[in-house]
Amino acid sequence: MYTANKDRYETMQYKRCGKSGLLLPRISLGLWQNFGGKVPLETSREMVCAAFDAGITHFDLANNYGPPAGSAEETFGKLLKQDLRPYRDEMVISTKAGYTMWPGPYGDWGSRKYMLSSLDQSLKRMGLDYVDIFYHHRPDPQTPMEESMDALATALRQGKCLYVGLSNYDANQTKQAVGILKQMGVHCLIHQPRYSMFDRWVENGLYDVLKEEGVGAIAFSPLAQGLLTSRYFNGIPADSRAGGKSVSLDAHRVTPEKVEKAKKLDQLAQARGQSLAQMALAWVLEKEQTTSVIIGASKVSQIKENLDALNNLVFSADELSEIDRILGD
Ligand SMILES: NC(=O)c1ccc[n+]([C@@H]2O[C@H](COP(=O)([O-])OP(=O)(O)OC[C@H]3O[C@@H](n4cnc5c(N)ncnc54)[C@H](OP(=O)(O)O)[C@@H]3O)[C@@H](O)[C@H]2O)c1
């Protein structure tokens, strides 16, 4: 039986999510790719427990995480049951609906029918009465936004989630969705965009909207799925995401240009006394609007290394412009 490290709140830093009262750890753990049914339960357990032992209170899931889809929630449900149940009130657990989950017209996108059925399925897989945050995973161009927001508000009123969030909505869509929720008396807690040194789209309006609206931001893929680490400095390891069967990162996306930039960034990181992974996380966390970053990991050692990013979150103006120069080359 697992007993959590008693010093787990000593080193983690927490930040309030937008204008809400909810504090999130600066580093959160996502269960997208490395916690599915094909990964031994003990491996997932080691990573989740190591994270919780280090003060990572927030675990990010979605209906479709695995592979296969649904299996990451099943894994997390097993870990809750066998290890983490006594700590439920110390955890912020999120899930999402928005991508393909089951066949037919009701298993995808943003209808009320899909989103609420999906949430019920997620709760069942995890053995929970409620999640802390329920997200619409992506905007649905075919469904009125009012309907998707109404599904979020309904989940909240039913007590099946404590807060609601948006993911992958652009700046205009976010403004609109937050406004609709407001009319329903619901505050949008958080937005989950992709954000890293290699993908800076949030800087073109989204972060401004979130600031205006008091919505927190939690960045996903802050390491560009591993490209902003030393993982690919000497080719593509067989046990890496790009070396495996991941649909989101294949060997073709590990381009010589990206690796070259990563190596230059690594030199700057070393001068700061950090690894590239640590500097990449610090760079996202340094932005005022960023509440937290969600890291993925395939090993406990990666989680431990990444946590040490918190030891240096400050950048000089020269360092920031050097990073811009390398990225712009
Ligand atoms: N809302 C959305 O649409 C959406 C989409 C994607 C992700 N997310 C969320 O964001 C989370 C994180 O996404 P992500 O996994 O792409 O994040 P990421 O942190 O950018 O990439 C994680 C991968 O980077 C590698 N890595 C991590 N730390 C490392 C280190 N110190 N040294 C070397 N390699 C390291 C590992 O790759 P290897 O596996 O090769 O070891 C790991 O699996 C997901 O789990 C999910 O919760 C949300």
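## Residues around the ligand

Strand 10 (290–295) and helix 9 (300–307) each contribute at least two residues to the shell around the ligand. The greatest contribution comes from helix 9, with 3 residues. The model described here is a predicted one.

The ligand is surrounded by 30 residues, of which Gly30, Trp32, Phe220, Gly226 and Gly296 come nearest. Sorted by class, this shell holds 16 polar, 10 nonpolar and 4 charged residues.

## Phenylalanine 198

Phenylalanine 198 is located in the loop that runs between strand 8 (188–192) and helix 6 (206–213). Because 19 other C-beta atoms lie within 10 Å, phenylalanine 198 is partly exposed; a residue counts as buried at 20 or more.

When residues up to four places away in sequence are left out, phenylalanine 198 touches Ala224, Leu227 and Leu228. Leucine 228 stands 30 residues from phenylalanine 198 along the chain, and the C-alpha atoms of the two are separated by 8.0 Å.

## The chain as a whole

The secondary structure of the chain consists of 10 helices and 10 strands. Along its principal axes, the C-alpha trace spans about 50 × 45 × 40 Å. The radius of gyration of the chain is 19 Å, which agrees with the value near 20 Å for a compact globule of 329 residues.

Of the 329 residues, 44% are buried. Among contacts between residues at least 6 apart in sequence, 77% join residues at least 24 apart.

Technical notes: Residues are numbered from 1 along each chain as its sequence is written. This is a predicted model: local features need pLDDT of at least 70, side-chain atom pairs count only at pLDDT 80 or more; totals for chains, interfaces and linings use all residues. Helices (H or I, at least four residues) and strands (E, at least two) are DSSP runs, numbered from the N terminus. A residue is buried if 20 or more other C-beta atoms lie within 10 Å of its own, exposed if 12 or fewer, and partly exposed in between; C-beta atoms are placed from the backbone. Two residues are in contact if their C-beta atoms, placed from the backbone, lie within 7 Å. A residue is near a molecule or strand if its C-beta atom, placed from the backbone, lies within 6 Å of it. Ala, Val, Leu, Ile, Met, Phe, Trp, Tyr, Cys and Pro count as nonpolar, Asp, Glu, Lys and Arg as charged, and the others, Gly among them, as polar. The radius of gyration is taken over C-alpha atoms; the globule rule is 2.2 Å times the number of residues to the power 0.38.
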